[in-house]
Amino acid sequence: MTIKEMFTYCSNQLSFGDCGNFEAQCIFEDILKIKKEKIHCDDSIASCEDVQIIENIIKRRKMGEPLQYILGKWDFYDLTFLVGKGVLIPRPETEFLVDIALDYLKQKDGAIIYDLCAGTGCIGLTIAHHLPQVTVYLLEKEDAAFNYLKKNAEYLKLNNVQLLKDDLFTIDLSNLPLADIIISNPPYIPTFEISDLQKEVLSEPISALDGGDDGLNFYRCLASRWVSKVRTDGIMAFECGDGQSQDIVNIFDGIYKEKNITFDFNNIDRIVTFRI
Ligand SMILES: C[S@@+](CC[C@H](N)C(=O)[O-])C[C@H]1O[C@@H](n2cnc3c(N)ncnc32)[C@H](O)[C@@H]1O
């Protein structure tokens with residue numbers, strides 16, 4: 001089999017997903033190191049080893065393992081993050097949180113930022129990378145996710161970050177500094193909806209998805225415990241699920257001075273921002 005035939009085979013085998021061609025391209029580029037412009041005209045014979053690698057990946061994908069875990073990395077904003085079992089894969093809609101934070105922080109040297117429920121660290125580490133003059137505290141409770149957070153902070157060579165392995169609900173806040181901005185993409189899926197999620201999503205840790213009975217447990221905690229850690233006129237910005245923004249506004253009733261809701265590319269109310 002030639003490389004280009006193997007590409008067509010791989011892309012057909014992966015066509016059970018929405019984007020077999022795209023996935024095949026990522027695999028050929030990242031794993032076999034063949035540039036996408038060259039794949040379709042490569043008549044060289046694929047080595048047995050490469051065929052074996054591709055067969056193995058197809059098997060893992062058919063069993064529902066996300067492509068991102070197989071590749072071991074995924075792009076977010078303008079950076080690449082290490083990912084794997086036990087950590088949530090960064091999503092494009094989460095990039096809105098980074099834009100909101102960078103915009104708010106652009107005039108503020110020495111600002112303090114919290115990224116709560118940090119996972120890979122994609123939000124907070126991206127901010128730290130773009131603004132070397134700020135300090136970002138990233139909080140994550142789960143062992144596997146925290147290991148990815150540590151690896152990503154090292155991989156991106158960031159020294160303006162503080163990694164906290166602790167629980168949003170119980171961490172002692174008394175020794176933490178006041179923040180200019182608190183951002184979070186917490187687990188927000190209502191428990192009863194978890195079993196209906198796609199197989200790929202269910203390969204990701206439930207602890208990154210389950211937001212309790214109505215999906216809003218983490219926002220209640222952010223309102224009751226974490227508002228006291230924000231400076232006057234500082235902001236809190238959270239990602240949320242489809243239709244949750246008004247509930248979150250209600251939870252923060254009487255706490256904020258201004259609010260804003262950002263809609264994503266699918267017109268879903270995705271980010272709620274409060275000025276405190
Ligand atoms: C939806 S994921 C978001 C990960 C990352 N911020 C992102 O946007 O890709 C939520 C994260 O919260 C973490 N988490 C769950 N419960 C937590 C808790 N009580 N305290 C701190 N982190 C928690 C999960 O392990 C998971 O990494």
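Colleague: In what sense, left-handed or right-handed, does helix 6 pass helix 7 in a crossing?

Modeller: Right-handed. Bear in mind that this is a predicted model.

Colleague: Noted. At what angle do the axes of helix 6 and helix 7 cross?

Modeller: Roughly 40°, with the axes of helix 6 (residues 95-105) and helix 7 coming within 10 Å.

Colleague: Which residues make that contact?

Modeller: Helix 6 contributes L97, V98, A101 and L102, and helix 7 contributes I123, T126, I127 and H130. By class that is six nonpolar and two polar residues, with no charged ones.

Colleague: Let's go to the N-terminal end. How do helix 1 and helix 2 cross?

Modeller: The axes of helix 1 (residues 3-13) and helix 2 (residues 20-30) cross at roughly 130° and come within 8 Å. The two helices are therefore oblique to each other. Their crossing is right-handed.

Colleague: And what makes the contact there?

Modeller: On helix 1 it is F7, C10, S11 and N12; on helix 2 it is G20, N21, A24, I27 and F28. The class count for this contact is five nonpolar, four polar and no charged residues.

Colleague: What about helix 1 and helix 4, how do their axes cross?

Modeller: At roughly 10°, within 10 Å, where helix 4 is residues 48-62. That angle makes helix 1 roughly parallel to helix 4.

Colleague: Which residues meet?

Modeller: M6, C10 and Q13 from helix 1 meet V51, I54 and I58 from helix 4. Five of these count as nonpolar and one as polar, and none is charged. C10 is named in the contact with helix 2 and also in the one with helix 4.

Colleague: Switching to strands. What is the strand order in the open sheet?

Modeller: The order is 5-4-3-6-7-9-8, seven strands with mixed pairing.

Colleague: Which strands stand at the edges?

Modeller: Strand 5 (161-165) and strand 8 (258-263). Each has a single partner strand, so one side of each has no neighbour in the sheet.

Colleague: How much are neighbouring strands turned against each other?

Modeller: On average by 15°, with direction ignored.

Colleague: What does strand 8 do with strand 9?

Modeller: Strand 8 pairs with strand 9 (residues 269-275) in the antiparallel sense, over six bridges. Within that pair, K259 is opposite F274 of strand 9. The two strands form a hairpin with five residues between them, and N267 takes a positive phi near 60°.

Colleague: At the other edge, where does helix 8 lie?

Modeller: Helix 8 (residues 143-155) lies across strand 4 and strand 5, and runs at about 165° to strand 5.

Colleague: Back to hairpins. How are strand 1 and strand 2 joined?

Modeller: By four bridges; strand 1 (residues 73-76) and strand 2 (residues 79-82) run antiparallel. F76 stands opposite L79 of strand 2. The hairpin has two residues between the strands, and Y77 in the turn has a positive phi of about 55°.

Colleague: Last topic, the ligand. How many residues surround the ligand, and which are closest?

Modeller: There are 22 around the ligand, the closest being C117, G119, K141, L168 and N185. Helix 7 (122-130) and strand 4 (135-140) are the elements that give two or more residues to the shell.

Colleague: What is the shell made of by class?

Modeller: It has 13 nonpolar, five polar and four charged residues.

Colleague: So helix 7 came up twice.

Modeller: Yes. Helix 7 gives two or more residues to the shell around the ligand, and helix 6 passes helix 7 in the right-handed crossing you asked about.

Conventions:
Residues are numbered from 1 along each chain as its sequence is written. This is a predicted model: local features need pLDDT of at least 70, side-chain atom pairs count only at pLDDT 80 or more; totals for chains, interfaces and linings use all residues. Two strands pair if DSSP finds at least two bridges between them. A residue is near a molecule or strand if its C-beta atom, placed from the backbone, lies within 6 Å of it. Ala, Val, Leu, Ile, Met, Phe, Trp, Tyr, Cys and Pro count as nonpolar, Asp, Glu, Lys and Arg as charged, and the others, Gly among them, as polar. Axes are lines fitted to C-alpha atoms, for helices over the stretch in contact, and angles run from 0 to 180 degrees between N-to-C directions. Angles under 35 degrees count as roughly parallel, over 145 as roughly antiparallel, 65 to 115 as roughly perpendicular and the rest as oblique. A crossing is left-handed if the near helix is turned anticlockwise from the far one by less than a right angle, and right-handed if clockwise. Two residues are in contact if their C-beta atoms, placed from the backbone, lie within 7 Å.
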